[in-house]
Structure formats: C-alpha cells, structure tokens
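Visitor: I am new to this structure and would like to learn how to read it with care. Could you show it to me and then take my questions in turn?

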Amino acid sequence: MYMQDNHPLESGMPASSSQEDRVEAIAIVAELGDEARLKQEIIQSLLAPCDRITYGQRQREAAQKLGVSVRTVRRLVKKWEEKGLEALTQTTRTDKGKHRIDREWQEFIIKTYKQGNKGSKRITPKQVAVRVQARAAQLGEEKYPSLRTVYRVLEPIIEQQEQTQNIRSRGWRGSRLSVKTRTGQDLSVEYSNHVWQSDRTRVDVLLVDRHGTILGRPWLTTVIDTYSRCVMGINLGFDAPSSQVVALALRHAILPKQYGLEYKLHCEWGTYGKPEHFYTDGGKDFRSNHLQQIGVQLGFVCHLRVSEAPAKQARPSEGGIVERPFGTFNTELFSTLPGYTGSNVQERPEAAEKEACLTLRELEQLLVRYIVDKHNQTIDARMGDQTRFQRWEAGLIAIPSLIGERELDICLMKQTRRTIYRGGYLQFENLTYRGEHLAGYAGESVLMRYDPRDITTILVYRCEGGKEVFLARAYAQDLETEQLTLDEAKASSRKIREAGKTVSNRSILAEVQERETFLTQKKTKKARQKEEQAQVRKAKQPLPVEPEEIEVASIRNEAEPEMPEVFDYDQMREDYGW
C-alpha cells in the first residue's frame, strides 16, 4: 500500500446504486468564461455560513454585481444546486464586465490618478473626471467618460489601497482565532474543519531512485486545520507547485486515510471531511481557476490571505499556522535523515550527496509515521491539555460527511491529447492501457486523470462543450496486480532505455520485479555479512578462564620441583678438544 485506501481510484466506502449513478454522471467543467468566473465568485460568497440578514445582504450585493434582480440570483443558486458548475457555463456577451470606453481613456484615467497620488500629492476621482473633461476639450471630442465611468475604472485601485491600509489580523483573542482575508473579511475560527490552510515548501533532503541515482529535493504540500493545528493531508512529490498538486493534497485531506503494515503506525490518521473555508497565500497555484472550481463543486469558499506587508507597518504574519509545521518537520525529522542538505545552501553538508539513500516512497513512509504518531498526537502550545488530534475530534460540530472518490476526480492530475487506438488501447508514460467501452472511441482524442501515487489505473474523459465527461477506467496491461508510482515508472523507463532495450509493459514489469529481487537479496546479503562479522569478532576474543582453573594451575606449579641440569662430559671433550 502506498498512501491510499485499497485502491487510489476506487471508493473505499459503500454507496447505494442511486449514489453511484449520480457520481457516474458527474462532468468536470474544463473552462469558464469571464461571466462564469464572476458567478463562481458570487456562489462562493453565498456558500459562506451566515445568518439570514447577512445572506439577504449578500444576495443584494450579488445582484448588483451581476446587474440582475435578487430573484435571478436565487434562480442561479438553485440551478447551481441542481447542476453544479454546469449551471455557470452559458453563452454571454463578450464585452460583459468591461468598461465600454476606449483603452486610451482607461489608461489616461488610471495614469492621471496614480501620478496625482505620488508622494505627498493627492487627487480625487472627481478631480480626475475634471481632467478627463479638459482633455476631451483639448482633443475636440464630444464624447468622453463621465464621472460615474471614472469612478468605475478607479474603483478596484481605490479598494486595493484601502485594504492595504486597514487590513490587520486580530489574531488570538483568548481561545479564539481570527484570520483576515485579502478582501477584508474576518474569518473567526470556531470549530474543526471550519477553516483549512495550505502551503508548500521544498524538503531539505536529497532523494535517490531505486538505482541510487540522485533525483533532487521533493516538494511537500500540506493542508492544516486552523482550529486544531492538525495536519489534515499532504502531497509529497517532485512536481513543481501547481493547482493540481494543491488539489491532490486537498483530496488526500478530504478522504479517510488507511495505511498498510509497512508504515508501522501505532495510531490512525483519523482526520477527514471538507472545509467551509480554504485559506491560502496569493501564489499562482492558489489563485487558479481550477482551485476555484473545486471549491464551488465541493461547497467551500477559497480565500487569499493578506500579502506581505512592508516592514514599517509591522503587521503580524498571516501564515504562521501553516508555515510553522515546516520548521518542526525540518528540525525533528528531516535533519535526522541521510541526505539532509539544511536550509542554507552555503552551509550545506559536504557529505549530503554521498549519504543520500532514501527514495521518495521511503521518505513518504517516514513522514506519514511522524505526522500520525508524533505531530498530530502532540499537545500544541495553545491547545492546553489536548493533543492536536483530540482537539480536532472535540471541535467537530457534526460527523464529517464522506465524499466518494469519484466526486473528487477533479482533484486528480490531468494529461491531455491522448489518442485511443483500435481495440480501446491508450499510451501513457510508455505504458499501454486498455479500458472497457473505449474501443468505440477509437481515433478520438481524450483526457486522462490519474493519481501519481499509482498509475496502474487511470480515468478517461471526453471533452464535450467545455466539459469533461467520464468514459471509463483504463488499466495498465500486465500490471493489474502491481502498484507503480509515476516517478517509479519514469525511472524504470530510463533504466530500460539506457540498457538499449525496448520499453514496454512487460519490460517495465520485469524491471520492477528484478529491482525488488535485487533489493531483497541485497538486504539478505547485508544481514549475512553482519552475522559473519559478529562471529569473527566473537572468535577472536580469548576464552574466559574460570578462577578455580587459575588456582589449580598455580598450585601445580608450586608442587612440582625444578629438575637439575645434566652435562655430558664425553661429548664436551670431543666438541672443545679437552
């Protein structure tokens, strides 16, 4: 088993036939237009828990943003509840949401406002409108932007300036925690699975492949529950930060987690469910439309935390809760492992490359064991007498609902432009896959989604009108009973090519089996050598002599008299001529 349930793409929980039918009918929206994105943001704001008065206010604000009635907003929400993201994909005007003035006028308005507010200078939008009027008179133009249009163009800039000046996290107030979003919203963390945070870093440990070749340092993405400080889920791999990597970590956090005996766990991970709010920094991977779609589909709201503030403003960091565990992992786990590089490149240990011997799978097993048996079972400084996991359990307001893995297909990695061959076959990473019902789509280009922790099974989708419609599962031929990660498949292919052989499913299977046999023999040989060395050391040591034997020998030596020396005089005469 490798960091998953019985199978990464099979649901670990029983489901009724109606549920299965509903899951099978799920289609993943691939692309959203500008208006659909705006509706998506509005749906997200309406998903946030609130009282009836606040919800009504949010509906009115949504109607104002969309330029429609509150009744239309209610219809949109109802349609989203019935169809999900599909409700947001409608034909819309191409100029919707754009200022219907020339680009030159937009640039003039923004440039005038920014230059008028440099240093100690100050200029208001109304004064900008006056300058626009003067500019139009100078150019002899009768049509020019009105005061209302000037306000509309400058509104985003003014709001951003106000947020930069006013945003500050209230932080801890007794036993309560509040975090501030980039839009100025206060999130008061009240219970477990209320607000999750996510971040990523590069692990300061050099890893090798199964053949001992150094691969480099992997990326670690974590998902933390803000209320309990529990690590909810992780993703460890060599893929650079992206929305898909974040989605994999989120998927791992949402699903129940089970591990095999090779992990040697004394406790269970135990955490699962979904958040109401997902709070991250403003990195490109967290600002992606993909992550917003996941939030809308699963029913949580994505928020960006306040960007780094100037030092002179002395604002507290907003990401301490999610960033602190990285330092703990580094000092308590990573620094004790072979191949540790340290966080300072200039002070990197000279023997880091020579000592590197851990594979990605081995590091993942060590990290999972540390999180499950140590980190989540440790008392946090602010938690009093509860461990992080105990606080998470105690802080649940209801038993988390179980989400089927098929409903989380949108969180899987995606590969595009794969052609189905005659007979329903596919090619991916030098492996040949075959899926049921795919033969009828021969010659078509399809999308594939997969879990990089086990690519022996992939999910095949077809693009239809901006949506991904599920077709079937495809299985790697001759590898149905094996488990193969994406990195292992790449390493095997590279090794086979270096040997001048043709890469195929059977060659990769043979390479995997030979590698496992080699590792087993190597471990057995090493154990035998240790045993022989121990026997040699034992043989070289003098046998212990009992005290009684020493005493008897000394008495015997004292009792026996010394024999007199006898000389042969006849022989001495011949020798010396006497």
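Guide: What follows is a short conversation about confidence, a sheet and two helix contacts.

Guide: This is a predicted model, in which local features need pLDDT of at least 70 and side-chain atom pairs count only at pLDDT 80 or more, while totals for chains, interfaces and linings use all residues. Residues are numbered from 1 along each chain as its sequence is written, and side-chain values use heavy atoms, with hydrogens and water left out.

Visitor: What is the mean pLDDT of the protein?

Guide: pLDDT is the predictor's confidence in each residue, from 0 to 100. The mean for the protein is 78, and 73% of its residues reach 70 or more. Over residues 1-8 the pLDDT is below 50, and this stretch has 37 contacts (heavy atoms within 4.5 Å) beyond near neighbours in sequence. Residues 309-316 also stay under 50, with nine contacts beyond four places in sequence. Where pLDDT is low, the predicted coordinates should not be read in detail.

Visitor: In what order do the five strands of the open sheet lie?

Guide: Strands of a sheet pair through backbone hydrogen bonds, either parallel or antiparallel. Here strands (DSSP runs of E, at least two residues, numbered from the N terminus) form an open sheet in the order 9-8-5-10-11, with mixed pairing, where two strands pair if DSSP finds at least two bridges between them. Strand 9 (231-237) and strand 11 (301-304) are the edge strands, each pairing on one side only. Strand 10 (residues 277-280) pairs with strand 11 in the parallel sense over four bridges, and Phe278 stands opposite Cys302 in strand 11.

Visitor: At what angle do helix 2 and helix 4 cross?

Guide: Helices are DSSP runs of H or I, at least four residues, and their axes are lines fitted to C-alpha atoms over the stretch in contact, with angles from 0 to 180 degrees between N-to-C directions. The axes of helix 2 (residues 34-47) and helix 4 (residues 70-83) come within 11 Å and cross at roughly 85°, which makes the two helices roughly perpendicular (65 to 115 degrees). Lys39, Ile43, Leu46 and Leu47 in helix 2 meet Val73, Leu76, Val77 and Trp80 in helix 4.

Visitor: Which residues of helix 10 meet helix 12?

Guide: Pro325, Thr328, Phe329 and Glu332 in helix 10 meet residues of helix 12 that include Leu367 and Tyr370. The axes of helix 10 (residues 320-332) and helix 12 (residues 360-375) come within 12 Å and cross at roughly 105°.

Notes: Parallel < 35°, antiparallel > 145°, perpendicular 65-115°, else oblique.
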